[in-house]
Amino acid sequence: MSNAVVGFFVSLNSNLDEEVSIPKLHVTEGENVFGRDSIVLKDKRLSRRHISLTASSNGSAELLVEGTNPVVVTSGDVRKKLYSREKVKIRHGDVIELIPGHHYFKYVALGGDGDPNEKGSAERNDSRKRLRQIADDEALARRLQDEAELEGCNHEQERSFTMGRQRDSKSMEDNTVEAIRSFRVPREKLPLTFRLMKVQGLPAWANASSVSIGDVIEGDVQVAVLSNYMVDIDWLVSACPKLLKIPHVLVIHGESDGAFDNMKRKKPANWIFHKPPLPISFGTHHSKAMLLIYPRGVRVVVHTANLIHVDWNNKSQGLWMQDFPWKEKNDPPKRSLFQNDLVDYLSALKWPEFTANLQATGNTKINPSFFNMFDYESAAVRLIGSVPGYHTGANMKKWGHMKLRTVLQECKFPKKFQKSPLVYQFSSLGSLDEKWMTELASSMSSGVSEDQVPLGIGEPQIVWPSVEDVRTSIEGYAAGNAIPSPLKNVEKPFLKKYWAKWKASHTGHNHAMPHIKTFARYKGQELAWFLLTSANLSKAAWGALQKSNSQLMIRSYEINAQLAHMCLTIFSSKSFQLGVLFLPSRINSQSHGSAFSCTAVGTSSKESPRSVEATGPVSTKLVTLSWPGVENEDPSSEEVIRLPVPYELPPQPYSPEDVPWSWERRYAKKDVLGQVWPRQVQLYVSPDS
């Protein structure tokens, strides 16, 4: 057999650029074996004989998975997962992930660009180059300098809640350039804000302080409750193998019967599936949350991503989480607003009760009432849930936009927010009318200023990707699968005055299409309140008033995170939302954040904000990453909380040339991957499936 070199196996970083620290590996004619030792990667998931490439003299090759873990091969825009002993033909330019999402390598055949059998290879290479240029977002010239700046951030991060670099207010422009770079949050302050999820194909600075699923589901989890709409088991267990070791996993989903049948065939033995009942037709379970039970407490997570590959890797998404300790046995009985609303929402899901042997309590029934056993006194958020049904009386104020209205009505805001605008940002547009838009704006405009004057109705702006945004995104037109809206909904004339651009240069997410959903009231770069949610802009998600405003009808299950710090008046309220409502209210500093962690080594299981000495009441100010002020100059009187709002405020209105995206139109202009629309692809599914 000839030992002639016919190509190379080239290491890539997460941006798909060559990783020069790892030398190119020769591919010779015949069989070539690559694994943990030959590539010099210290990852025990890699087998010593992980894959083999059998190459021919013309550079074509066949890949065989030799190890026990799956391998992903991306050829053009087709991504395929291979399991042990499966084979696939590979060609020049194909990208191999030795572990899905990790250890990228490209197969480079000698003379591959000129191979006559490789029709369209030049076009593919040009597309990849364009894709990288877009994803880098003109940051290459600044990267080395800013990475050096970040090296010195660690000490400052430990001293204070920096939430962004200390900015000179002389220039707004100076503060908006790549602002996400300096978003650094100490662990004890994480519940006061949310984080964006990591996006493949973006430059490293755009993923600053972002999270992946492995950052969330970690440690000694004994029971996991995963609430979502879409669930791809193959991807989920490959992205988070820990789920196979957790003794009890309850998956609450909204999948169709056909998809559910497929899930059942792949169900691990320790998993339970549950689809909540729907009292109203055409509804669904859409909430995206996790409850992780540990020996030390419970982790509550609210996020915006389906449990599928594209949502956790290719979209702009958001995630909030906080850990809570077990209640002390001798503590007097008490119920917080967070606890009430969490248990109320879980009770509506009607999941099947099961028993788990927990380290803290022994054999324990896991049902909604079980979650009364944790101490939520330190909760930094309010919960806003939506439950399908016809809600009347006191229940009408427990769910949907009436829940948000009730909470905001009990809060005071600075006078600057009188008549200030609202922003609605989401990924699916329902069938709307002007009457309902006024109804929703009334709820979102609730609250009074410090002199008890109502804030007044704010003018909404709808941040929605244009056709050009989708075409030039890192996924091209394929991203439009996850921005579903028919023409009849998008082209309603009254919506034209609301359209605003998806522009996210300061976070590097211009080309990562949004699946995140956010609603807010703002003035400049300051926020009266901010909502991170699974709810799109629809009557089904938020509810619609009926019968002379005496009844609220909701079709969908939703559980939302309203990012806002609790003001003192809320503590006596009987309403509740999921999120953090940051208000410039006078609150005790001991309520700021939580030192308790279910997973951090070296912290006491009894450690909680109650054990932190209060330094007196302070005011809070909720701002975006582009706020030009200098934060926390006097932490004894005011604390500035930065939220990584991914798009720019104020949003720019559509120009006459901008066309709102609808997946029902035809688009002949090729996207960054050389494709047109529509494409013959499955609707919004994981490319791993």
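**Aromatic pairs.** I began with ring pairs in this predicted model and counted 26 aromatic pairs. I looked up Y424 and F519 among them: their rings are tilted, with 5.5 Å between centres and 50° between planes. Y424 belongs to strand 23 (residues 422–425) and F519 to strand 27, so the pair ties together parts that lie 95 residues apart in sequence. I noted that Y424 and F519 are both buried.

I then turned to W661 and W677. Their ring centres are 5.5 Å apart and their planes meet at 65°, which is over 60°, so I recorded the pair as edge-to-face. Both tryptophans lie in the segment after strand 34 (638–643), 16 residues apart. W661 has a relative accessibility of 0% and W677 a relative accessible area of 6%; both values fall under 20%, so I entered both residues as buried.

I also found one aromatic cluster formed by W326, W351, F370, F371 and F374. For a charge over a ring, I noted K24, whose charged end sits over the ring of F8 at 5.8 Å from the ring centre.

**Nonpolar cores.** I next examined the largest nonpolar core, which has 115 residues; F371, Y424 and L537 have the most contacts inside it. Helix 10 (residues 337–349) supplies the largest share of this core, seven residues. A second, separate core comprises 32 residues, including V221, A224, L243 and L292.

I listed the contacts of L537, leaving aside residues up to four places away in sequence: among them are Y424, F426, L432, I462 and F519. L537 also touches W436, M437 and L440, and I found these three among the buried residues of helix 12 (residues 434–444). The other buried residues of helix 12 are E439, A441, S443 and M444. At the start of helix 12, I noted a side-chain oxygen of D433 within 3.2 Å of the backbone nitrogen of K435.

**Annotated positions.** I consulted the UniProt record, an unreviewed entry, which places the feature "active site" at H286 and H515. These positions are spread over 230 residues of sequence yet cluster in space, the largest C-alpha distance being 12.9 Å.

I located H286 in the loop between strand 14 (271–274) and strand 15 (289–293). Its relative accessible area is 11%, under the 20% limit, so I recorded H286 as buried. H515 lies in the loop between strand 26 (499–500) and strand 27 (517–523), and at 4% relative accessibility I recorded H515 as buried. Lastly, I found the side chain of H515 reaching the backbone oxygen of T304 at 2.8 Å.

Note on methods:
Residues are numbered from 1 along each chain as its sequence is written. This is a predicted model: local features need pLDDT of at least 70, side-chain atom pairs count only at pLDDT 80 or more; totals for chains, interfaces and linings use all residues. Side-chain values use heavy atoms; hydrogens and water are left out. A nonpolar core is a set of buried Ala, Val, Leu, Ile, Met, Phe, Trp, Tyr and Cys residues joined through side-chain atoms within 4.5 Å. Buried means under 20% relative accessible area, exposed over 50%, partly exposed in between (1.4 Å probe, protein chains only). Helices (H or I, at least four residues) and strands (E, at least two) are DSSP runs, numbered from the N terminus. Contact means heavy atoms within 4.5 Å. UniProt positions are given in the numbering used here, feature names are shortened, and annotations may be inferred rather than shown by experiment. A polar contact is a pair of N or O atoms within 3.5 Å; within protein, one must be able to donate a hydrogen and the other to accept it, and residues adjacent in sequence count only if both atoms are side-chain atoms. Rings of Phe, Tyr and Trp (its six-membered ring) pair if their centres lie within 6.5 Å; planes under 30 degrees apart count as stacked, over 60 as edge-to-face and the rest as tilted. A charge sits over a ring if NZ of Lys or CZ of Arg is within 6 Å of the ring centre and within 35 degrees of the ring normal.
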